[in-house]
Amino acid sequence: MRTLLTADWVVGFHKGDHALIPNGEVVFSGQSIEYVGRNFPGEVDRRIDYGRAMIGPGFIDLDALGDLDTEVLTFDNGPWRNLGRIWTEDALRRGPQEAYTPEEELFKYRYAFTQLIRNGITTALPITSMLYRAWAESYDEMAGVVAIAEEMGIRAYLGPCYMSGMTYQRADGSLAQHWDEAKGMAGLDDAARFIADFDGTAQGRIRAFLAPDRIETQLPGVLARTAALQKETGVPMRLHCCQSVYEFETVLSLRDHTPFGWLESLGLLTERAILPHGIYISGHPQVSAKGDADMRRLVASGATVAHCPVVFGRDGEALSSFASYIAAGVRFGMGTDTHPADMVENIRLGRMLSHLMGGTPPATAADFYRAATLRGAEALGRSDLGRLENGVRADITVFDLSGFHLGQVLDPIKAMALAGSGRDFCASFIDGREVMADFAVIGSDPTALTEAANRQILKARAIHADRAPGRPATETIFRPAFQILN
């Protein structure tokens with residue numbers, strides 16, 4: 001069926017960049033876009049006029065939360081080391097435990113995919129927290145996630161997260177690493193089997209990627225085998241690194257390399273690498289390694305930094321700076337990383353923080369929009385995503401511009417960045433399939449999802465209390481913003 005969409009604005013593609021088309025049209029049939037412009041000359045089977053809206057490409061979330069919002073458990077509750085956020089030495093000795101049942105683990109993804117689609121994200125590389133797991137993810141679990149993603153229609157890059165260690169807190173409050181290389185290798189074997197079985201399924205909407213957990217929880221042998229598997233299969237690899245001073249200094253001490261230097265030595269710092277968050281690199285004033293060697297490594301490799309400004313901005317941290325990295329030649333994509341899955345908020349806050357942190361020329365809303373679309377597609381090696389032009393995949397979003405809160409809309413991208421939110425997306429198509437209409441994700445019940453998520457998060461809260469230093473009572477860890485009167 002050939003469908004024609006029209007709106008006050010269309011984000012088309014012209015001479016290598018996005019371009020705005022007033023009163024534009026987008027025509028697609030099957031999985032592909034046929035036409036972007038005005039006055040389509042052919043016959044169509046369905047017409048939808050969105051009126052005061054902007055039709056654009058779907059966002060590509062390189063670090064998408066595939067989880068419940070666990071930040072509600074730590075937000076404004078004091079120092080994180082007192083909250084049971086990581087394993088204590090005592091909890092590790094008693095044995096790691098799962099917060100959720102296998103069914104509840106899969107529910108997290110259903111809840112999260114609904115949030116992502118609702119916020120205009122059409123391609124997602126999900127991440128969940130390993131802090132609530134006995135260890136990491138499994139092949140069987142991720143096979144279940146494939147079924148959910150296929151049912152809901154989201155375009156997803158999936159793979160079981162694996163790790164060969166975990167950070168824990170000693171009795172004296174210091175941090176240390178607990179290692180288990182056998183579990184790391186078993187997780188990598190699961191990842192290899194997953195790639196063989198699922199890469200390219202669901203008419204190509206499901207792709208595989210390698211998802212080793214954060215760099216300080218990996219052993220050299222596991223990452224060396226990861227490099228070999230990545231080279232053999234060609235799938236992308238995402239590895240969280242340079243996201244804390246502790247991580248940077250731990251890797252430097254254990255591996256005699258900075259995180260980027262270690263990845264380079266292993267053959268993992270390549271154009272197929274996606275690296276959230278890239279903040280603490282050599283030359284940063286808070287780390288011990290001086291000079292610009294890491295920046296030069298990053299630029300030369302062609303690796304992509306997945307920038308997630310909201311999750312770090314909440315804790316008073318920021319990349320220094322987005323504009324400076326771009327000026328140096330760094331490739332950037334965007335991620336949401338936390339709840340809400342609001343890429344618009346990340347664009348807005350990212351631009352603010354970039355201006356605060358400096359850099360010349362200053363970053364613009366257009367820079368961040370490109371990072372969330374075109375650059376994310378480049379990171380995945382996908383010229384058929386992140387843009388609207390003839391022949392690309394029909395991953396299309398519609399951003400409503402009629403809301404009073406948006407003020408005067410002279411430029412739809414700037415209006416979005418100034419006053420919009422992910423909640424302003426009213427419709428979405430992925431591979432030509434309508435997955436959201438009239439501000440609602442098709443086939444999802446947000447009330448039922450919210451109720452189930454609220455019940456489930458209490459189990460994660462109990463885990464916190466069980467492994468916080470001294471195992472205090474739950475109510476002493478999770479304090480309300482103000483006193484609750486009886």
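These legends describe close-up views of a predicted model.

**View 1. Strand β1 and its antiparallel partner, β2.**
Strand β1 covers residues 2–14. Ten of its 13 residues are buried, so that the strand is mostly covered. Strand β2 follows at residues 17–29. Twelve bridges hold the β1 and β2 pairing, which is antiparallel. One bridge sets H14 against D17 of β2. Two residues lie between the strands of this hairpin. One residue here, K15, takes a positive phi near 50°.

**View 2. Strand β1 and its parallel partners, β4 and β5.**
Strand β1 also pairs with β4, residues 46–49. The two run parallel and share four bridges. T3 has R46 of β4 as its bridge partner. A further pairing links β1 to β5, residues 53–57. Here two bridges join the strands, again in the parallel sense. W9 is bridged to M54 in β5. In general, strands of a sheet pair through backbone hydrogen bonds, either parallel or antiparallel.

**View 3. The open sheet β7-β11-β12.**
Three strands form this open sheet, and their pairing is mixed. Strands β7 (87–88) and β12 (175–179) are the edges, each pairing on one side only. Strand β11 spans residues 165–169. Five bridges connect β11 with β12, and these two strands run antiparallel. Within this pair, M166 stands opposite H178 of β12.

**View 4. Strand β17 and its two faces.**
Which residues of β17 point one way, and which the other? T304 and A306 point one way, while V305 and H307 point the other way. All four places, residues 304–307, are buried. Why do side chains alternate in a regular strand? In a regular strand the two faces of the sheet receive side chains by turns.

**View 5. The neighbours of strand β17: β16 and β18.**
Strand β16 (residues 273–275) runs parallel to β17, with two bridges between them. I274 is bridged to T304 of β17. Helix α8 covers residues 293–301. Together, β16, α8 and β17 make a β-α-β unit, and the unit is right-handed. Strand β18 (residues 331–334) also runs parallel to β17, joined by four bridges. V305 has F332 of β18 as its bridge partner.

**View 6. Cysteine C308, without a disulfide.**
How many disulfides does the whole structure hold? A search finds zero. A disulfide is a covalent bond between the sulfur atoms of two cysteines. The cut-off for the sulfur pair is 2.5 Å. For C308, the closest cysteine sulfur belongs to C241 and is 12 Å away, so the pair is too far apart for a bond. C308 counts as buried because its relative accessibility is 2%. Another cysteine, C426, has a relative accessibility of 8%, so C426 counts as buried.

**View 7. A323 and its contacts.**
A323 sits in helix α10, residues 322–328. Is A323 buried or exposed? A323 is buried, because its relative accessible area is 5% and the limit for buried is under 20%. Leaving out residues up to four places away in sequence, A323 touches S354, G358, G359, P361, P362 and A363. One of these, G358, is 35 residues from A323 in sequence. In space, the C-alpha atoms of A323 and G358 are 7.2 Å apart.

Definitions and conventions
Residues are numbered from 1 along each chain as its sequence is written. This is a predicted model: local features need pLDDT of at least 70, side-chain atom pairs count only at pLDDT 80 or more; totals for chains, interfaces and linings use all residues. Side-chain values use heavy atoms; hydrogens and water are left out. Buried means under 20% relative accessible area, exposed over 50%, partly exposed in between (1.4 Å probe, protein chains only). Two strands pair if DSSP finds at least two bridges between them. A crossover is right-handed if, with the strands pointing away from the viewer, the path from the first strand over the helix to the second runs clockwise. Contact means heavy atoms within 4.5 Å.
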